[in-house]
Amino acid sequence: MPMLDEKVEPFYDEVIRRNAGEVEFHQAVREVLESLGPVLAKHPEFADAKIIERVCEPERQIIFRVPWQDDAGEVQINRGFRVEFNSALGPYKGGLRFHPSVYLGIVKFLGFEQIFKNALTGMPIGGGKGGSDFDPKGRSDDEVMRFCQSFMTELYRHIGEYTDVPAGDIGVGQREIGYLFGQYKRITNRYESGVLTGKGTAWGGALVRTEATGYGTVFFANEMLKVRGESLDDKTCLVSGSGNVALHAIEKAQQLGGRVVACSDSDAVLHDPDGIDLDLLRQVKEVERGRVRDYVERRSSARLLPGGTIWELAADVALPCATQNELTGKDAASLIVNGCTIVAEGANMPCTPEAVRAFTEAGVAFGPGKAANAGGVATSALEMQQNASRDSWTFSYTEERLATIMADIHQTVYATAEEYGQPGNYAAGANIAGFLRVAGAMVALGLI
């Protein structure tokens with residue numbers, strides 16, 4: 001692990017002390033702090049104003065009980081979270097994750113990342129995150145509805161279109177957003193469309209929001225290739241995961257001429273050297289809610305790697321779109337040996353610190369999630385704009401806005417890395433550019 005600059009090391013030690021056991025949060029904080037030594041040297045006023053200490057401490061942390069009844073009549077108890085991390089640039093904005101792994105440290109890591117990701121979009125939104133250790137997998141629609149209604153019965157008092165605007169994340173799709181919004185509407189007696197994003201297009205949602213994170217990741221990867229005089233055309237790509245982000249990353253990569261040969265789920269890796277048949281994969285995953293092994297049974301060119309990892313396969317471009325810390329240092333070494341030149345994170349912090357270091361040392365262009373997957377939250381902000389103006393935009397117009405935002409993020413990150421003496425280091429550029437925007441606003445707003 002690289003040494004921290006002596007100007008920021010005490011801040012990290014204090015984060016460890018104050019947030020014991022929250023290892024994902026520690027990792028996210030350290031990854032940002034590793035980039036900030038040159039910033040404090042250039043802007044000593046940020047140290048005087050204790051900006052780093054303040055930005056590492058959430059403005060508000062909410063933990064609550066979520067009681068609900070399953071179809072058998074048995075009472076279940078889950079735990080709900082909302083961490084409202086930083087509102088210097090606008091209302092808190094960030095998704096809700098429903099998954100058994102969720103605990104405070106996960107929510108804080110996601111919320112901390114969200115601060116800088118949202119800042120990079122250039123949109124007026126702060127950072128937050130939430131969720132529950134509830135697992136919607138295997139639950140009936142009625143059970144999911146009862147859970148969401150109980151969850152919102154507490155959460156509603158903490159959110160609002162000018163306060164905190166949640167969206168979806170792992171385990172929270174349009175179904176869950178619908179139940180949550182319905183309960184919010186019922187309790188408040190207000191049709192406040194802008195209080196949640198990721199809604200259905202028939203009731204306040206925005207076109208492209210479902211596709212945005214996956215599309216945006218591919219747009220960013222293509223920008224990374226452009227500065228090298230290349231494009232996605234005829235590039236071999238690996239996309240981990242097979243959920244919403246992965247499916248739309250595959251779609252956009254194929255539209256831009258890439259050949260996606262592998263994806264995965266929690267059971268196995270699917271390798272299709274002829275290129276993934278997206279229609280078949282969607283039928284399996286979105287309609288049948290099946291596993292990638294079901295795809296292999298219907299596609300003669302495909303094979304299953306039940307004990308392997310997707311990163312063992314040869315490719316030009318890698319898009320990790322599953323979950324945090326899925327791509328290790330060992331995986332990075334395999335990708336490098338097999339000729340990978342571009343990695344763009346579609347998930348939040350899917351590459352371990354060892355993997356990021358390996359990519360950097362090998363000259364592999366690495367696009368961190370706070371830049372590469374910012375398309376989802378950027379399009380959520382576009383949804384908020386449409387809700388505020390009671391407007392609805394076309395798919396093509398919204399996608400064009402998304403592509404422009406991702407190109408602007410790439411340009412900002414790329415230029416910032418050069419300005420601070422680390423050309424081509426997208427991780428440093430993203431951390432510094434995002435931090436500068438938030439820090440500037442915090443100084444301007446005073447000690448609050």
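This report describes aromatic pairs, nonpolar cores, two helices and two buried polar residues in a predicted model.

**Aromatic pairs and charges over rings**

A search of the whole structure yields 20 aromatic pairs. One of them joins Phe134 and Phe147, which are stacked with 4.0 Å between ring centres and 10° between the planes. Phe134 belongs to the loop between strand 4 (127-132) and helix 7 (141-155), while Phe147 belongs to helix 7 itself, so the pair ties together parts that are 13 residues apart in sequence. Phe134 and Phe147 are both buried.

A further pair consists of Phe181 and Trp203, whose ring centres are 6.0 Å apart and whose planes meet at 20°; the pair is therefore stacked. This pair links distant parts of the chain, with Phe181 in helix 8 (residues 174-188) and Trp203 in the loop between helix 8 and helix 9 (212-226), 22 residues apart. The two partners may be set side by side for burial: Phe181 has 4% relative accessibility and counts as buried, whereas Trp203, at 24%, counts as partly exposed.

Ring pairs also connect Phe64, Trp68, Phe98, Phe134, Phe147 and Phe151 into a cluster. The stacked Phe134 and Phe147 are thus members of this cluster.

Charged side chains are also found over aromatic rings. Arg30 lies over the face of Tyr12, 5.2 Å from the ring centre. Lys252 is placed over the face of Tyr215, with 4.4 Å to the ring centre.

**Nonpolar cores**

The largest nonpolar core has 58 residues, and Leu319 and Ile409 touch the most other members. Helix 9 supplies the largest share of this core, eight residues. Residues up to four places away in sequence aside, Ile409 touches Leu120, Thr121, Phe220, Ala371 and Ala374. Another core, of 40 residues, lies apart from the largest one and has Val15, Phe46, Ile51 and Cys56 among its members.

**Helices 10 and 16**

The table sets out two helices of the model.

| Helix | Residues | Expected span | Distance between end C-alpha atoms |
|---|---|---|---|
| Helix 10 | 244-255 (12 residues) | 16 Å | 17 Å |
| Helix 16 | 375-389 (15 residues) | 21 Å | 21 Å |

For helix 10, the distance between the end C-alpha atoms agrees with the span expected at 1.5 Å a residue. The same agreement is found for helix 16.

Helix 10 is mostly covered, nine of its 12 residues being buried. These are Val245, Ala246, Leu247, His248, Ala249, Ile250, Glu251, Lys252 and Ala253. The list includes Lys252, the residue that lies over the face of Tyr215. The buried residues of helix 10 pack against helix 9, strand 6 (236-239), strand 7 (259-264), helix 11 (278-287), strand 10 (317-319) and helix 17 (395-419). After helix 10 comes Gly257, which has a positive phi near 95°.

Helix 16 is likewise mostly covered, with 12 of its 15 residues buried. Among these buried residues are Gly375, Gly376, Val377, Thr379, Leu382, Glu383, Met384 and Asn387. Their cover includes strand 3 (92-98), helix 6 (104-121), strand 5 (164-168), helix 9 and helix 17. Arg390 follows helix 16 and has a positive phi, near 55°.

**Two buried polar residues**

Lys199 is located in the loop between helix 8 and helix 9. Its relative accessible area is 2%, so Lys199 is buried. The side chain of Lys199 reaches two backbone oxygens: that of Ser193 at 2.9 Å and that of Leu196 at 2.5 Å. Beyond its neighbours within four places in sequence, Lys199 is in contact with Gln174, Ile177, Phe181, Ser193, Gly204, Gly205, Ala206, Glu383 and Asn387. Of these partners, Phe181 also stacks with Trp203, and Glu383 and Asn387 are buried residues of helix 16.

Asn348 is found in the loop between strand 11 (342-344) and helix 14 (353-362). With a relative accessible area of 12%, Asn348 is buried. Its side chain is joined to that of Lys117 by a polar contact of 2.7 Å. Leaving aside neighbours within four places in sequence, the residues in contact with Asn348 are Arg97, Phe109, Leu110, Lys117, Lys129, Asp169, Thr323, Gln324 and Asn373.

How values were computed. Residues are numbered from 1 along each chain as its sequence is written. This is a predicted model: local features need pLDDT of at least 70, side-chain atom pairs count only at pLDDT 80 or more; totals for chains, interfaces and linings use all residues. Side-chain values use heavy atoms; hydrogens and water are left out. Rings of Phe, Tyr and Trp (its six-membered ring) pair if their centres lie within 6.5 Å; planes under 30 degrees apart count as stacked, over 60 as edge-to-face and the rest as tilted. Helices (H or I, at least four residues) and strands (E, at least two) are DSSP runs, numbered from the N terminus. Buried means under 20% relative accessible area, exposed over 50%, partly exposed in between (1.4 Å probe, protein chains only). A charge sits over a ring if NZ of Lys or CZ of Arg is within 6 Å of the ring centre and within 35 degrees of the ring normal. A nonpolar core is a set of buried Ala, Val, Leu, Ile, Met, Phe, Trp, Tyr and Cys residues joined through side-chain atoms within 4.5 Å. Contact means heavy atoms within 4.5 Å. The expected span of a helix is 1.5 Å times one less than its number of residues. A polar contact is a pair of N or O atoms within 3.5 Å; within protein, one must be able to donate a hydrogen and the other to accept it, and residues adjacent in sequence count only if both atoms are side-chain atoms.
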